[in-house]
Amino acid sequence: MTTDEAKGRLYDTTLFVGVFRRRAAIKALAQRPDASGVVALAQALREGHPERGRIRSVLRKLLPLRDNNKIAALWAQWAQAPDPELAKIVADLGCPSGRTQDARFVRAVLAAATASAAPEILQSVAVFARSLPVNDEASNDGIYAAWIRSQSTELEKLIDEQSRQASSPALEALHALVTGSLERYFELNDSDGMLLVHAFHMAPEPFRESIARTIGASPDRGLLENYRRALSSGTADSASNVENLKLVGDEDGLFEVTRSLCLLDVVDLCERWSTSAGRPGGTQQRAAVERALAAYRTLGSFKVERTEPLPDGLVDVFEWWRQENPSDAQLLSDLDSPDPMRKARGLYLGRESGLVDDARLHEAAGSEHWPQRLVARLLEPELFPQAQQDHVFWVSACAGDASLLLAPIDGMPEDYARHIGLLAQARSPIGSRTRAFLEILGAFQGVFVASAIVIDEGSETVDRGAVEIEDAPHVSF
């Protein structure tokens, strides 16, 4: 039976005799002296051949010493389109011996290792990687890259067991930090911490959590400072930074990262500090945390439940208004608009800019249009305690929370002054929960924005003793 005849009969569906012809074709293809037969069988296996059990059995009987070229052909076939079915077979057969692998082929096999790859595929990649030369930096770089992409424990062990060295020390630093091998990391002499920074840049989130645990277990303060530098390099979002700093137990870093958080996230941190003895090292920072905790404890069993994300294509109207960033002139125009939604925008953003007084809010609270009544209660729930018959009355129970909890810690001195003013106002009693939120917000803003420097572009000095600096083209600063 020729190869072409065997390939034809491999899919024979003739009644009664078709099954015998298929099995004869499988046997004939497996016995071919060249590799074309096993390649055809591998293709049939991938396509879900009805005799795939028999095909698996035939392919597993290949012997490295006798069928080295056929095994190499199976690896090449699998590298073109990695699949779990053939991966199990090539992993069991092992890599062909006595040959130098083509660089392009090596890259193709290692590229199969991804975060979404099936365990069988990752196992076959590890088997292949183990056969590569240990002293070849190009191969080692490829193995490190495959490990980072896939987070494969097999590749991680292989790098350690074979002492594979990459061309970049940052790759070795990453492996040492992820696996908790601090001695190996210190041997790299990362005095300025840049290896840690580069390693952190390359690390996927699961690796960053492992790095945090490794650093958290070390008493080395310099290592902690270098880790904080890596977090501040802008490669991770604030939420990830907070979680990693918690793992490390870096109280100073946690306090510093609150600058980029909103009050809601800081309240979560207050819960952590309330059950922990850890505090920032600085006197001002520690005092701010204690002040915030004193307010936090008055909240009692306060709990914030985060809402489900909006459906695709929708955006929160209040966030949308903020993103539009209208000018004061536009907001004043909104306040006189007959459009209820535009007027609601003018009320909501105008109150923050000082354009909307209590009288206008009272007018809005009695409007026939619900968007204006809703905004009035969101902004100043204490002004409108009696409105049981209004279908937006429920807002009064938590309206003050909504605007405060989304307030950013970082901001301008005017923001801090406004919040302190709200806290001290005597116009009417502020709800205890609102007062607690304002206390927490003020505690952190008092550190970060209360004394921020404001640059005046005017040319006139405002102080008789000020020093005036003129252009000096021949002087460099």
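Student: How many of the 10 residues of H6 are buried?

Tutor: Buried means under 20% relative accessible area, exposed means over 50%, and partly exposed lies in between (1.4 Å probe, protein chains only). Seven of the 10 residues of H6 are buried, so H6 is largely enclosed by the rest of the structure. Note that this is a predicted model, in which local features need pLDDT of at least 70, side-chain atom pairs count only at pLDDT 80 or more, and totals for chains, interfaces and linings use all residues. Residues are numbered from 1 along each chain as its sequence is written, and side-chain values use heavy atoms, with hydrogens and water left out.

Student: Which residues of H6 are buried, and what covers them?

Tutor: Helices (H or I, at least four residues) and strands (E, at least two) are DSSP runs, numbered from the N terminus. In H6 the buried positions are Glu-85, Leu-86, Ala-87, Ile-89, Val-90, Ala-91 and Leu-93. Their cover includes helix H3 (36-46), H4, helix H5 (68-80) and helix H8 (119-130).

Student: At what angle do H4 and H6 pack?

Tutor: Two packed helices are described by the angle between their axes and the distance between the axes. Axes are lines fitted to C-alpha atoms, for helices over the stretch in contact, and angles run from 0 to 180 degrees between N-to-C directions. Helix H4 (residues 52-60) and helix H6 (residues 84-93) pack at about 20°, with their axes 10 Å apart. Angles under 35 degrees count as roughly parallel, over 145 as roughly antiparallel, 65 to 115 as roughly perpendicular and the rest as oblique. H4 and H6 are therefore roughly parallel to each other.

Student: Which residues of H4 and H6 make the contact?

Tutor: Contact means heavy atoms within 4.5 Å. H4 contributes Arg-56, Leu-59 and Arg-60, and H6 contributes Glu-85, Lys-88, Ile-89, Asp-92 and Leu-93. For residue classes, Ala, Val, Leu, Ile, Met, Phe, Trp, Tyr, Cys and Pro count as nonpolar, Asp, Glu, Lys and Arg as charged, and the others, Gly among them, as polar. The contact of H4 with H6 divides into three nonpolar, no polar and five charged residues.

Student: What span should the 17 residues of helix H27 have?

Tutor: The expected span of a helix is 1.5 Å times one less than its number of residues. For H27 (residues 432-448) that gives 24 Å, and the end C-alpha atoms are 25 Å apart, which agrees. Of the 17 residues of H27, 12 are buried, so H27 is largely enclosed by the rest of the structure. Among them are Phe-437, Leu-438, Ile-440 and Leu-441.

Student: Which helices flank the loop that holds Gln-151?

Tutor: Gln-151 lies between helix H9 (137-150) and helix H10 (153-161). Gln-151 has a positive phi of about 55° although it is not a glycine, and is partly exposed at a relative accessible area of 26%. Ser-163, in the loop between H10 and helix H11 (169-178), also has a positive phi, of about 50°, without being a glycine. Ser-163 is exposed, with a relative accessible area of 52%.

Student: How many helices and strands are there in the protein?

Tutor: The protein has 27 helices and zero strands. Of its 477 residues, 43% are buried. Among contacts with a separation of 6 or more, 61% join residues 24 or more positions apart.
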